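Subject: Structure for you to look at

Hi,

Here is the structure I promised to pass on. Have a look around first, then read my notes underneath.

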Amino acid sequence: MSFNTFIQHIKSEKYRQLGFWKSSKNGTPLNPLYWFQFADDAAVVSGQEKENQMLLNRFTIWCQWAEMIIRVDKCSTFGIRKQLTKSIQYLQKLFVNNCLVPRVELGKSFRYLGRYFDFNMSDEDHKSEVYDTLTNILNEIDDLPLYPKNKSLLYSRYELSKISWHFAVSDIDKTWVNDKLDSIASTYIRKWLELPISATLISITSYFPTIILD
(Lines give C-alpha, C1' and ligand atoms only; values in the text may rest on other atoms or scores of the structure.)
Protein backbone atom coordinates (compact mmCIF):
# COMPACT_ATOMS: atom_id res chain seq x y z
CA MET A 1 0.00 0.00 0.00
CA SER A 2 2.88 2.37 0.81
CA PHE A 3 4.39 1.76 -2.64
CA ASN A 4 1.07 2.47 -4.37
CA THR A 5 0.73 5.72 -2.43
CA PHE A 6 4.24 6.71 -3.47
CA ILE A 7 3.56 5.98 -7.14
CA GLN A 8 0.45 8.16 -7.08
CA HIS A 9 2.50 10.85 -5.37
CA ILE A 10 5.20 11.08 -8.06
CA LYS A 11 2.54 11.14 -10.77
CA SER A 12 0.89 14.23 -9.33
CA GLU A 13 1.00 17.55 -11.17
CA LYS A 14 2.92 19.16 -8.31
CA TYR A 15 5.76 16.65 -8.60
CA ARG A 16 5.88 16.95 -12.39
CA GLN A 17 6.74 20.61 -11.96
CA LEU A 18 10.15 19.55 -10.62
CA GLY A 19 11.23 18.99 -14.21
CA PHE A 20 10.79 15.28 -14.84
CA TRP A 21 8.06 15.62 -17.40
CA LYS A 22 9.37 18.11 -19.93
CA SER A 23 6.82 18.19 -22.72
CA SER A 24 6.65 19.55 -26.23
CA LYS A 25 3.90 21.94 -27.35
CA ASN A 26 1.55 19.04 -28.07
CA GLY A 27 2.15 17.52 -24.62
CA THR A 28 4.47 14.69 -25.71
CA PRO A 29 7.16 13.97 -23.05
CA LEU A 30 10.64 14.86 -24.32
CA ASN A 31 12.41 12.72 -21.73
CA PRO A 32 9.85 10.12 -20.63
CA LEU A 33 10.44 8.52 -17.24
CA TYR A 34 8.81 5.27 -16.21
CA TRP A 35 8.39 3.59 -12.85
CA PHE A 36 7.61 -0.13 -12.84
CA GLN A 37 6.41 -1.70 -9.60
CA PHE A 38 5.58 -5.34 -8.85
CA ALA A 39 5.19 -6.22 -5.17
CA ASP A 40 8.49 -5.09 -3.59
CA ASP A 41 10.42 -5.06 -6.90
CA ALA A 42 10.83 -1.68 -8.57
CA ALA A 43 12.48 -0.50 -11.79
CA VAL A 44 13.05 3.08 -12.95
CA VAL A 45 13.63 3.91 -16.62
CA SER A 46 14.58 7.46 -17.56
CA GLY A 47 16.03 9.35 -20.49
CA GLN A 48 18.72 11.04 -18.39
CA GLU A 49 20.85 9.84 -15.50
CA LYS A 50 20.16 12.93 -13.37
CA GLU A 51 16.42 12.35 -13.62
CA ASN A 52 16.90 8.80 -12.41
CA GLN A 53 18.92 10.04 -9.44
CA MET A 54 16.25 12.61 -8.54
CA LEU A 55 13.58 9.93 -8.42
CA LEU A 56 15.81 7.60 -6.41
CA ASN A 57 16.34 10.39 -3.89
CA ARG A 58 12.61 10.83 -3.58
CA PHE A 59 12.12 7.10 -3.24
CA THR A 60 14.81 6.90 -0.54
CA ILE A 61 13.13 9.61 1.53
CA TRP A 62 9.79 7.86 1.19
CA CYS A 63 11.23 4.53 2.34
CA GLN A 64 12.83 6.19 5.36
CA TRP A 65 9.47 7.69 6.30
CA ALA A 66 7.75 4.31 5.86
CA GLU A 67 10.54 2.59 7.86
CA MET A 68 11.40 0.34 4.92
CA ILE A 69 14.95 -0.74 4.17
CA ILE A 70 16.39 -0.57 0.65
CA ARG A 71 18.85 -3.41 0.04
CA VAL A 72 21.32 -1.58 -2.17
CA ASP A 73 23.38 -4.76 -2.56
CA LYS A 74 20.39 -6.35 -4.33
CA CYS A 75 19.94 -3.43 -6.71
CA SER A 76 21.65 -2.80 -10.04
CA THR A 77 21.92 -0.10 -12.68
CA PHE A 78 22.11 -0.54 -16.43
CA GLY A 79 22.97 2.40 -18.67
CA ILE A 80 22.79 2.99 -22.42
CA ARG A 81 23.72 6.30 -24.01
CA LYS A 82 24.45 7.67 -27.44
CA GLN A 83 28.07 8.31 -28.36
CA LEU A 84 28.60 10.02 -31.69
CA THR A 85 26.38 8.05 -34.07
CA LYS A 86 25.82 4.86 -32.09
CA SER A 87 24.49 3.70 -28.75
CA ILE A 88 26.81 2.13 -26.18
CA GLN A 89 26.46 0.59 -22.75
CA TYR A 90 28.11 2.55 -19.96
CA LEU A 91 28.48 2.41 -16.18
CA GLN A 92 26.11 4.77 -14.41
CA LYS A 93 26.78 6.43 -11.08
CA LEU A 94 23.55 6.32 -9.10
CA PHE A 95 23.39 6.45 -5.31
CA VAL A 96 20.93 5.29 -2.66
CA ASN A 97 21.61 6.42 0.91
CA ASN A 98 25.04 7.64 -0.28
CA CYS A 99 25.90 4.12 -1.45
CA LEU A 100 26.81 3.49 -5.08
CA VAL A 101 24.26 1.15 -6.63
CA PRO A 102 26.01 -1.91 -8.14
CA ARG A 103 26.45 -1.51 -11.89
CA VAL A 104 25.90 -4.19 -14.51
CA GLU A 105 29.26 -4.96 -16.11
CA LEU A 106 29.75 -4.07 -19.75
CA GLY A 107 28.45 -6.86 -21.95
CA LYS A 108 26.59 -8.50 -19.07
CA SER A 109 22.86 -8.70 -18.34
CA PHE A 110 20.53 -8.13 -15.41
CA ARG A 111 17.34 -9.93 -14.45
CA TYR A 112 14.01 -8.32 -13.61
CA LEU A 113 10.86 -10.34 -12.91
CA GLY A 114 12.45 -13.42 -14.44
CA ARG A 115 13.46 -11.74 -17.72
CA TYR A 116 17.09 -11.16 -18.69
CA PHE A 117 18.01 -7.82 -20.27
CA ASP A 118 21.31 -7.04 -21.99
CA PHE A 119 22.58 -4.39 -24.40
CA ASN A 120 21.64 -6.40 -27.49
CA MET A 121 18.27 -7.40 -25.98
CA SER A 122 19.11 -11.01 -26.82
CA ASP A 123 17.89 -14.27 -25.29
CA GLU A 124 21.34 -15.81 -24.81
CA ASP A 125 21.11 -15.99 -21.02
CA HIS A 126 17.70 -17.65 -21.23
CA LYS A 127 19.02 -20.15 -23.76
CA SER A 128 22.02 -20.94 -21.58
CA GLU A 129 19.87 -21.44 -18.48
CA VAL A 130 17.35 -23.61 -20.34
CA TYR A 131 20.12 -25.77 -21.79
CA ASP A 132 21.88 -26.23 -18.43
CA THR A 133 18.63 -26.95 -16.59
CA LEU A 134 17.55 -29.52 -19.17
CA THR A 135 20.86 -31.39 -19.23
CA ASN A 136 21.32 -31.35 -15.45
CA ILE A 137 17.84 -32.68 -14.68
CA LEU A 138 18.04 -35.31 -17.42
CA ASN A 139 21.29 -36.54 -15.88
CA GLU A 140 19.68 -36.66 -12.44
CA ILE A 141 16.64 -38.54 -13.75
CA ASP A 142 18.91 -40.97 -15.58
CA ASP A 143 20.71 -41.83 -12.31
CA LEU A 144 17.48 -42.50 -10.37
CA PRO A 145 16.61 -46.15 -9.55
CA LEU A 146 13.31 -46.00 -11.48
CA TYR A 147 11.73 -48.07 -14.20
CA PRO A 148 12.63 -46.64 -17.63
CA LYS A 149 9.05 -45.64 -18.43
CA ASN A 150 8.74 -43.85 -15.10
CA LYS A 151 11.83 -41.82 -15.95
CA SER A 152 10.13 -40.70 -19.15
CA LEU A 153 7.02 -39.75 -17.22
CA LEU A 154 9.10 -37.78 -14.73
CA TYR A 155 10.67 -35.93 -17.65
CA SER A 156 7.32 -35.01 -19.21
CA ARG A 157 5.68 -33.87 -15.95
CA TYR A 158 8.58 -32.25 -14.11
CA GLU A 159 11.37 -31.29 -16.49
CA LEU A 160 9.23 -29.35 -18.95
CA SER A 161 7.58 -27.31 -16.18
CA LYS A 162 11.03 -26.22 -14.96
CA ILE A 163 11.93 -24.56 -18.26
CA SER A 164 8.52 -23.39 -19.52
CA TRP A 165 8.86 -19.96 -17.85
CA HIS A 166 11.80 -19.02 -20.08
CA PHE A 167 9.67 -19.54 -23.18
CA ALA A 168 6.91 -17.38 -21.71
CA VAL A 169 9.12 -14.32 -21.08
CA SER A 170 11.62 -14.58 -23.94
CA ASP A 171 11.58 -15.02 -27.71
CA ILE A 172 13.53 -18.27 -28.00
CA ASP A 173 12.86 -19.52 -31.51
CA LYS A 174 11.71 -22.99 -32.49
CA THR A 175 14.80 -23.62 -34.61
CA TRP A 176 17.09 -23.31 -31.59
CA VAL A 177 14.87 -25.68 -29.59
CA ASN A 178 14.95 -28.26 -32.39
CA ASP A 179 18.72 -27.98 -32.81
CA LYS A 180 19.81 -27.82 -29.16
CA LEU A 181 17.14 -29.37 -26.94
CA ASP A 182 15.25 -31.99 -28.93
CA SER A 183 18.34 -34.06 -29.69
CA ILE A 184 19.36 -34.19 -26.01
CA ALA A 185 15.89 -35.18 -24.78
CA SER A 186 15.46 -37.73 -27.58
CA THR A 187 18.75 -39.42 -26.70
CA TYR A 188 17.75 -40.02 -23.08
CA ILE A 189 14.14 -41.03 -23.80
CA ARG A 190 15.16 -43.47 -26.54
CA LYS A 191 17.58 -45.00 -24.04
CA TRP A 192 14.93 -45.31 -21.31
CA LEU A 193 12.23 -46.72 -23.59
CA GLU A 194 14.66 -48.83 -25.62
CA LEU A 195 13.49 -47.26 -28.86
CA PRO A 196 15.39 -47.26 -32.15
CA ILE A 197 17.56 -44.30 -33.06
CA SER A 198 15.04 -43.33 -35.74
CA ALA A 199 12.39 -42.54 -33.10
CA THR A 200 11.50 -38.84 -32.82
CA LEU A 201 10.06 -36.84 -29.93
CA ILE A 202 6.65 -36.89 -31.63
CA SER A 203 6.55 -40.66 -31.65
CA ILE A 204 8.09 -40.85 -28.18
CA THR A 205 5.40 -38.68 -26.57
CA SER A 206 2.75 -41.15 -27.72
CA TYR A 207 4.05 -43.48 -25.02
CA PHE A 208 3.42 -41.09 -22.13
CA PRO A 209 -0.36 -41.58 -21.67
CA THR A 210 0.18 -45.32 -21.09
CA ILE A 211 2.89 -44.87 -18.46
CA ILE A 212 1.72 -45.46 -14.89
CA LEU A 213 3.78 -44.88 -11.76
CA ASP A 214 3.93 -47.85 -9.40
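What share of the contacts in the protein chain with a separation of 6 or more comes from residues 24 or more positions apart? The figure is 55%. Bear in mind throughout that this is a predicted model.

**The overall picture**

The protein chain has 7 helices and 8 strands. Of its 214 residues, 35% are buried. Its accessible surface comes to about 14,300 Å², and 55% of that belongs to carbon and sulfur atoms.

**Inside: two cores**

Start with the largest nonpolar core, which has 18 residues. The members that touch the most others are Val130, Leu138, Tyr155, Trp176, Leu181 and Trp192. Three helices give two or more residues to this core: α4 (124-143), α5 (148-169) and α6 (174-193). The largest share comes from α6, with 9 residues.

If you want one residue to click on, try Leu181. Setting aside neighbours within four places in sequence, Leu181 is in contact with Val130, Tyr131, Leu134, Phe167 and Trp176. There is also a second, separate core of 10 residues, with Phe59, Ile70, Val72 and Leu94 among them.

**Salt bridges**

Side chains of opposite charge can pair when their charged atoms come close. How many salt bridges does a search of the whole structure find? It finds 6, and here are some to look up.

- Arg111 and Glu129 form a salt bridge, with their closest N and O atoms 3.5 Å apart. This pair links distant parts of the chain, since Arg111 is in strand β7 (residues 110-112) and Glu129 is in helix α4, 18 residues apart. Arg111 is partly exposed at 42% relative accessibility, and Glu129 is partly exposed too, at 23%.
- Lys127 and Glu124 form another, and here the closest N and O atoms are 3.8 Å apart. Both sit in helix α4, and because they are 3 residues apart there, about one helical turn separates them. Lys127 counts as buried at 16% relative accessibility, whereas Glu124 is partly exposed, with a relative accessible area of 47%.
- Lys191 and Asp142 meet through their side chains at 3.0 Å, N to O. Lys191 belongs to helix α6 and Asp142 to helix α4, so this salt bridge ties together parts that are 49 residues apart in sequence. Lys191 is exposed, at 53%, but Asp142 counts as buried, at 18% relative accessibility.

One more thing to trace here: salt bridges with shared partners join Glu124, Lys127 and Asp173 into one network.

**Cysteines**

A disulfide is a covalent bond between the sulfur atoms of two cysteines. Searching the whole structure turns up 0 disulfides. Why does Cys63 not bond to Cys75? Cys75 holds the cysteine sulfur closest to that of Cys63, but the distance is 9.7 Å, which is too far for a bond. For comparison, the cut-off for a disulfide is 2.5 Å between the sulfur atoms. Cys63 counts as buried, with 2% relative accessibility, while Cys75 is partly exposed, with a relative accessible area of 29%.

**On the surface**

Tyr34, Phe36 and Val45 make a nonpolar surface patch of about 280 Å². You can find Val45 in strand β2 (residues 41-45), where it counts as partly exposed at 40% relative accessibility.

**Two asparagines to check**

Most residues other than glycine have a negative phi. Which way does the phi of Asn97 go, positive or negative? It is positive, at about 55°, even though Asn97 is not a glycine. Asn98 also has a positive phi, near 65°. Asn97 lies in the loop between β5 (95-96) and β6 (99-100), and Asn98 lies in the loop between β5 and β6 as well. As for accessibility, Asn97 is partly exposed at 38%, whereas Asn98 is exposed at 78%.

Have fun exploring!

Key
Residues numbered from 1 in each chain as written. Predicted model: local features only at pLDDT ≥ 70, side-chain atom pairs only at ≥ 80, totals over all residues. Heavy atoms only, no water. Helix = DSSP H or I, 4+ residues; strand = E, 2+ residues; numbered from the N terminus. Buried < 20%, exposed > 50% of the residue type's maximum accessible area, 1.4 Å probe, protein only. Patch = residues over 30% accessible without salt bridge, like charges linked within 9 Å, V, L, I, M, F, W, Y side chains within 5 Å. Areas by Shrake-Rupley, 256 points an atom, 1.4 Å probe, with all protein chains shown as cover. Salt bridge = Lys/Arg side-chain N within 4 Å of Asp/Glu carboxyl O. Core = buried A, V, L, I, M, F, W, Y, C linked by side-chain atoms within 4.5 Å. Contact = heavy atoms within 4.5 Å.
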